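Me: I have just opened this entry and would like to go through it with you. Could we begin with the part that deserves the most caution?

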Amino acid sequence: METPFLTHLTQEDYKFVYEAAEDSFLLLDALEEDLPQIRDQKPLLCVEIGSGSGVIITALAKSLSSSAHCVGIDINYHACKATKKTSLVNGASLDVAAMDLLSAFRSHSIDLLIFNPPYVPTEPSEDDSRDRGTFAGCLVKSWAGGKDGCSTLHRLFPFLADKLSQKAIFYLLLLRENKPKEVLKTFLTLGFSGSIVKERRIRGEYLYILKIVRCNSIK
């Protein structure tokens, strides 16, 4: 997968939008390794939650060309603008929507889901939504994950069985402090199975990529 150009985004943009970093590139590496399987699955709808700068969904859209409809969603309007700008500069065809998780998608419509969630364990005050539209609020929302770093993921769980198609693949990035093996057990209770397919130690963090499918699906 070709890493998209991001030189069009300025320091002013990054005051409000999460800048692509080691976690973003680890997720790109995992998708690149699985690209042959993804293409074989022939996904019709690919969605990234929290698209940020747009680096991941743009790379995927370019790799799948016109065979899939790619959509980047983000609760942060500034991130939606950055994602659209990245797609246009890199010649990728995708849609962008300001949306909270998967609420507006039809049942069983998503064939490929990608999520690099806010995963840093934080105190409730750091996850306060009152300043969501401000400089500080936008950035905090991109990384502050609540007490166990999984507050947003817990909010997503109830959507998955309804929104994901029978053949769907879900790529999820987690931090060691998020207890990825415990998260995999939670997926089992929801009718999904999964495994850790990639991991990497970076500065002060240890990251994991989980690959999730329905229990009755072929991995």
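Me: Over which residues does pLDDT stay under 50?
Reply: This is a predicted model, and pLDDT stays under 50 over residues 126-137. For that stretch the model has 21 contacts beyond four places in sequence.

Me: And what is the average pLDDT of the protein?
Reply: The average is 88, and 85% of the residues score at least 70.

Me: Good. How many helices and strands are there?
Reply: The protein has seven helices and seven strands. Read from the N terminus, the order of the elements is α-α-β-α-β-α-β-β-α-α-β-α-β-β.

Me: What share of the residues is buried?
Reply: Of the 219 residues in the protein, 51% are buried.

Me: And what share of the contacts joins residues 24 or more positions apart?
Reply: Counting contacts with a separation of 6 or more, 76% are between residues 24 or more positions apart.

Me: Let us turn to α3. How many of its residues are buried?
Reply: Helix α3 covers residues 55-64, and nine of its 10 residues are buried. The buried ones are V55, I56, I57, T58, A59, L60, A61, S63 and L64.

Me: What covers them?
Reply: The cover includes the helices α1 (22-33), α2 and α4, together with the strands β1, β2 (69-74) and β4.

Me: You mention α4. At what angle do α3 and α4 pack?
Reply: The angle is about 35 degrees, and the axes of α3 and α4 are 9 Å apart. The crossing of these two helices is right-handed.

Me: Which residues make that contact?
Reply: V55, I57 and T58 contribute from α3, while T83, T86 and S87 contribute from α4. By class, two of the residues in this contact are nonpolar, four are polar and none is charged.

Me: What comes just after α3?
Reply: S65 follows the helix, with a positive phi of about 55 degrees.

Me: Which residue in the loop between α2 and β1 should I look at?
Reply: K42 sits in that loop, between α2 (35-41) and β1 (45-49). Its phi is near 50 degrees, a positive value in a residue other than glycine.

Me: Is K42 buried or exposed?
Reply: K42 has a relative accessible area of 59%, so this residue is exposed.

Me: And L101, where does that one lie?
Reply: L101 belongs to the loop between β3 (95-98) and β4 (110-115). Phi of L101 is also positive, near 55 degrees, in a residue other than glycine.

Me: Is L101 buried or exposed?
Reply: L101 counts as buried because its relative accessibility is 4%.

Me: Staying with the loop between β3 and β4, what does S109 touch?
Reply: S109 is found in that loop. Apart from neighbours within four places in sequence, S109 is in contact with L45, K163 and S165. The residue is buried, at a relative accessible area of 13%.

Me: How far is S109 from P43 in space?
Reply: The C-alpha atoms of S109 and P43 are separated by 9.9 Å, although the two residues are 66 residues apart along the chain.

Me: Now A92. In which loop is it found?
Reply: A92 is in the loop between α4 (77-89) and β3. With a relative accessibility of 11%, A92 counts as buried.

Me: Which residues does A92 touch?
Reply: Leaving out residues up to four places away in sequence, A92 touches T58, A61, K62 and S87. T58 and A61 are among the buried residues of α3. From A92 to L64, the C-alpha distance is 9.8 Å, across 28 residues in sequence.

Me: One last pair, α6 and α7. How do their axes cross?
Reply: The axes of α6 (residues 151-163) and α7 (residues 180-189) come within 11 Å and cross at roughly 25 degrees. The two helices are therefore roughly parallel to each other, and their crossing is right-handed.

Me: Which residues meet there?
Reply: From α6 there are L153, F157 and L160, and these meet V183, T186 and F187 of α7. Five residues of this contact are nonpolar, one is polar and none is charged.

Definitions and conventions:
Residues are numbered from 1 along each chain as its sequence is written. This is a predicted model: local features need pLDDT of at least 70, side-chain atom pairs count only at pLDDT 80 or more; totals for chains, interfaces and linings use all residues. Side-chain values use heavy atoms; hydrogens and water are left out. Axes are lines fitted to C-alpha atoms, for helices over the stretch in contact, and angles run from 0 to 180 degrees between N-to-C directions. Helices (H or I, at least four residues) and strands (E, at least two) are DSSP runs, numbered from the N terminus. Angles under 35 degrees count as roughly parallel, over 145 as roughly antiparallel, 65 to 115 as roughly perpendicular and the rest as oblique. A crossing is left-handed if the near helix is turned anticlockwise from the far one by less than a right angle, and right-handed if clockwise. Contact means heavy atoms within 4.5 Å. Ala, Val, Leu, Ile, Met, Phe, Trp, Tyr, Cys and Pro count as nonpolar, Asp, Glu, Lys and Arg as charged, and the others, Gly among them, as polar. pLDDT is the predictor's confidence in each residue, from 0 to 100. Buried means under 20% relative accessible area, exposed over 50%, partly exposed in between (1.4 Å probe, protein chains only).
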